[in-house]
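Welcome! Here is a set of short exercises, each followed by a worked solution. Take a look at the structure, then try each task before reading on.

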2 protein chains.
Amino acid sequence: MNNSIVFDADKISSLEKKYRIALINSISGFKSASLLGTVNKQGNTNLAIFNSVVHIGANPPLLGFILRPTTVPRHTYQNIIATDYYTINHIHEEMVDKAHQTGAKYDSLESEFDQCGFTSQYYEAFKAPFVKESRVKLGMHLKEVLPVKSNGTYLVVGEIVHILIDDESYLDDTGAISLNKAGTVAISGLDSYYSPQFLKKLPIPRV
Amino acid sequence: MNNSIVFDADKISSLEKKYRIALINSISGFKSASLLGTVNKQGNTNLAIFNSVVHIGANPPLLGFILRPTTVPRHTYQNIIATDYYTINHIHEEMVDKAHQTGAKYDSLESEFDQCGFTSQYYEAFKAPFVKESRVKLGMHLKEVLPVKSNGTYLVVGEIVHILIDDESYLDDTGAISLNKAGTVAISGLDSYYSPQFLKKLPIPRV
């Protein structure tokens with residue numbers, strides 16, 4: 001094909017740093033966009049955007065995310081290790097600008113809830129703050145932190161202990177949440193936001 | 001709110017199995033949809049749909065995915081362990097039905113390439129088969145397999161050693177791939193496919 005382009009290992013490693021970051025962050029396809037809410041033992045809240053939340057299992061209900069402790073979300077990591085609890089909150093179309101802004105390097109005494117215009121919300125005795133503006137919120141209990149030796153990141157695995165949904169009409173009869181009814185966005189790379197349009201739902205594949 | 005609904009841990013664990021699977025698989029937001037191509041030492045190819053590919057790092061360029069060896073994709077696992085190589089291929093709108101069908105339980109002598117109507121394609125000396133019909137294809141070299149103790153799954157970590165893109169116009173000046181130009185789809189849960197519409201690209205957030 002005339003317009004095709006190939007990047008082999010040598011070419012990837014010699015790419016200019018920002019170009020490589022943009023390419024590799026976008027090459028894996030669409031990603032979830034979530035706000036992770038935490039609190040430290042002194043009661044200071046933290047909120048950070050993540051695009052690496054991944055489904056690990058339904059029974060027990062487990063989600064994971066990838067964390068690089070040496071970059072911005074270090075408060076998230078410290079707070080999760082200190083308290084064992086965190087929240088995962090969906091990002092909706094009208095929240096995108098404010099949610100993106102949580103990626104700025106605020107210091108530990110500034111809460112991104114206040115700095116970026118979100119409202120912390122507590123549910124029963126659950127320690128970590130939810131994002132009131134989010135229409136789908138998950139309360140998570142830390143289960144495991146797995147070190148990825150290849151680059152010093154971690155897979156953080158947690159169990160879903162609370163699911164808070166603003167409107168039960170987001171759920172269909174099968175139990176699936178309709179992400180477009182909820183207005184949840186997807187992200188590509190580190191900075192491009194998408195509003196997915198429903199194409200089709202397919203039956204369980206059989207031979 | 002009148003229409004809100006809450007699932008706490010007890011309620012989640014007592015949900016009917018299929019309902020719980022649908023709820024938990026869809027609650028984490030949009031996911032990438034990829035076809036993983038592998039081959040065993042006898043040369044039999046395998047192709048399986050995955051929705052758990054996650055970005056781990058840009059330098060070295062690493063992606064992970066979650067694998068449950070006891071269910072359908074076990075051939076994928078055996079082949080990766082045996083050969084150290086696999087491919088990740090984007091799924092585009094016109095490929096959705098055939099890609100979904102790769103989730104059926106074909107036996108080990110039947111290749112999903114043939115059974116589902118895809119064409120295997122090889123690049124230079126790279127061992128694993130790419131999907132010719134995919135417009136964005138990644139050649140992966142296995143780096144680590146991390147066991148998730150909480151449920152017996154694995155995080156499989158690989159390094160991107162080849163990136164094959166059908167049309168260089170999918171890349172913007174910054175190095176980011178435009179997933180909607182490529183026509184790549186997103187998935188929700190196990191069965192719902194979406195075509196994301198671009199909303200906006202935001203600058204690096206600063207305090």
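**Exercise 1. The open sheet**

Which order do the strands have in the open sheet of six strands?

*Solution.* Before starting, note that this is a predicted model, in which local features need pLDDT of at least 70, side-chain atom pairs count only at pLDDT 80 or more, and totals for chains, interfaces and linings use all residues. Residues are numbered from 1 along each chain as its sequence is written, while chains are lettered from A and ligands numbered from 1 in the order in which they are written.

Step 1: Settle the terms. Strands (E, at least two residues) and helices (H or I, at least four) are DSSP runs numbered from the N terminus, and two strands pair if DSSP finds at least two bridges between them.

Step 2: Read off the order. It is 2(A)-12(A)-13(A)-13(B)-12(B)-2(B), and the pairing is antiparallel.

Step 3: Look at the edges. Strand 2 (31-32) of chain A and strand 2 (31-32) of chain B each have a single partner strand, so one side of each is left without a neighbour in the sheet.

Step 4: Zoom in on one pair. Strand 2 of chain A is joined by two bridges to strand 12 (residues 186-188) of chain A, and the two run antiparallel. Here K31(A) has I187(A) as its bridge partner.

**Exercise 2. How the chains meet**

Find how many residues of each chain are in contact with the other chain, and describe the side that chain B offers.

*Solution.* Step 1: Count the contacts, where two residues are in contact if their C-beta atoms, placed from the backbone, lie within 7 Å. On chain B, 95 residues are in contact with 95 residues of chain A.

Step 2: Find the main contributor. Strand 13 (residues 192-201) of chain B gives the most to this side, with 10 residues.

Step 3: Sort by class. The side of chain B that touches chain A has 50 nonpolar, 29 polar and 16 charged residues. In this sorting, Ala, Val, Leu, Ile, Met, Phe, Trp, Tyr, Cys and Pro count as nonpolar, Asp, Glu, Lys and Arg as charged, and the others, Gly among them, as polar.

**Exercise 3. Relating the two copies**

What turn and what shift lay chain B on chain A?

*Solution.* Step 1: Superpose the copies, using least squares on the C-alpha atoms of residues with pLDDT of at least 70 in both. A turn of 180° and a shift of 0.0 Å along the axis lay chain B on chain A with an RMSD of 0.0 Å.

Step 2: Interpret the result. The two copies are therefore related as by a two-fold rotation axis.

Step 3: Locate the axis. Among the residues of chain B, P196(B) comes closest to the rotation axis, with its C-alpha at 1.8 Å.

Step 4: Compare the surfaces. Both copies use the same surface, as 100% of the contact residues of chain B recur in chain A.

**Exercise 4. Following strand 11 of chain A**

Trace the partners of strand 11 (residues 153-165) of chain A, and decide how covered the strand is.

*Solution.* Step 1: Begin inside chain A. Strand 10 (residues 136-148) is joined to strand 11 by 12 bridges, running antiparallel, and L146(A) stands opposite L155(A). These two strands form a hairpin with four residues between them, and G152(A) in the turn has a positive phi of about 75°.

Step 2: Add another partner. Strand 6 of chain A pairs with strand 11 of chain A in the antiparallel sense over six bridges, and L63(A) has G158(A) as its bridge partner.

Step 3: Cross to chain B. Strand 11 of chain A also pairs with strand 1 (residues 5-8) of chain B, antiparallel and over four bridges. In that pairing I163(A) is matched with F7(B), and H162(A) with D8(B).

Step 4: Check the cover. A residue is buried if 20 or more other C-beta atoms lie within 10 Å of its own, exposed if 12 or fewer, and partly exposed in between, with C-beta atoms placed from the backbone. Strand 11 of chain A is mostly covered, as 11 of its 13 residues are buried.

**Exercise 5. Two positive phi values**

Is E124(B) buried or exposed?

*Solution.* Step 1: Note the backbone. Phi of E124(B) is near 45°, a positive value in a residue other than glycine.

Step 2: Count neighbours. E124(B) is exposed, with 8 other C-beta atoms within 10 Å.

Step 3: Turn to D84(B). Its phi is near 75°, again positive in a residue other than glycine, and D84(B) is partly exposed, with 14 other C-beta atoms within 10 Å.
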